[in-house]
Amino acid sequence: MVPPRWHFCNGDKALSGNLKELGEIRSALKRNERLMGVDLGSKTIGLALSDISLTVATPLETIRRTKFTADAAKLIELAARHEVGGLILGLALNMDGSEGPAVQSARAFARNLEKLTPLPIAFWDERLSTAAVTRTLIEADASRARRAEVVDKMAAAYILQGALERLRSV
């Protein structure tokens, strides 16, 4: 049996700076601030926003990755524009819950990002998020080109929605 998804948010890693447990994110938010979901891929970064009541996640946009500095600047600019009070970064854990290169890359991205922004950052297990979104798009008869265009931001919404549902029970 796979433990609940939130169990893997930060594992046994010691947290410092802006890196927070998922439950700590809610208390860090100010009135009417949103959360932003982030799906880190090797070529793109999918982004999603919550509503101010932290109930519903909506796809926002996809950033084509270039260099960390440019990617982080765009993410931070969008967070400011949309009054975001915290970030939920997806962790692409292996099916057995172990951490591979994608998780190490996401953790490094978060460590570097926390030096540039005061926003709290929490992790969320994103196993199979892209596969679930792709399956949904195929069932909706979306063309291959349309799927490629929206899958990353929809995966970010899928990640964020899972975290929002968990936050409601904390």
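Tutor: Two strands are said to pair if DSSP finds at least two bridges between them, and that cut-off will serve us throughout this predicted model.

Student: How do you know that β2 and β3 pair, and in which sense?

Tutor: They are joined over 7 bridges in the antiparallel sense; since at least two bridges are required, β2 and β3 therefore count as paired. Within β3, Thr-62 is the residue that stands opposite Gly-46. Against the sheet packs α2, which touches β1, β2, β3 and β4 and whose direction makes about 150° with that of β3.

Student: What is the order of the strands in the open sheet, and what makes β3 and β5 edge strands?

Tutor: The order of the 5 strands is β3-β2-β1-β4-β5, with mixed pairing. As for β3 and β5, each pairs on one side only, and this is what makes them the edge strands. From one strand to the next, the twist averages 25°.

Student: Where does α3 lie, and at what angle does it run to β4?

Tutor: α3 lies across β1, β2, β4 and β5, and it runs at about 160° to β4.

Student: Why is Leu-54 called buried?

Tutor: Its relative accessible area is 6%, and buried means under 20%, so Leu-54 meets the criterion. This residue is found in the loop between β2 and β3 (57–64), and its phi is near 60°, a positive value in a residue other than glycine.

Student: Why, then, does Asn-32 count as partly exposed?

Tutor: Its relative accessibility is 39%; because buried requires a value under 20% and exposed a value over 50%, Asn-32 falls in between and is partly exposed. Asn-32 has its place in the loop between α1 (22–28) and β1, and its phi, near 65°, is likewise positive in a residue other than glycine.

Student: Which residues touch the most other members of the largest nonpolar core?

Tutor: Of its 25 residues, these are Met-36, Val-38, Leu-47, Leu-75, Leu-87 and Leu-89. At least two residues of this core come from each of β1 (34–40), β2 (44–50), α2 (68–81), β4 (84–91), α3 (101–113) and β5 (121–125), and the largest share, 5 residues, is that of α3. Apart from this core lies another, of 17 residues, among them Ile-25, Leu-35, Ala-48 and Leu-54.

Student: What is Leu-87 in contact with, leaving aside its neighbours within four places in sequence?

Tutor: Leu-87 is then in contact with Ile-25, Met-36, Leu-75, Leu-113, Leu-119, Pro-120, Ile-121 and Ala-122, where contact requires heavy atoms within 4.5 Å.

Terms used:
Residues numbered from 1 in each chain as written. Predicted model: local features only at pLDDT ≥ 70, side-chain atom pairs only at ≥ 80, totals over all residues. Heavy atoms only, no water. Core = buried A, V, L, I, M, F, W, Y, C linked by side-chain atoms within 4.5 Å. Buried < 20%, exposed > 50% of the residue type's maximum accessible area, 1.4 Å probe, protein only. Helix = DSSP H or I, 4+ residues; strand = E, 2+ residues; numbered from the N terminus. Axes fitted to C-alpha atoms, helices over the stretch in contact; angles between N-to-C directions.
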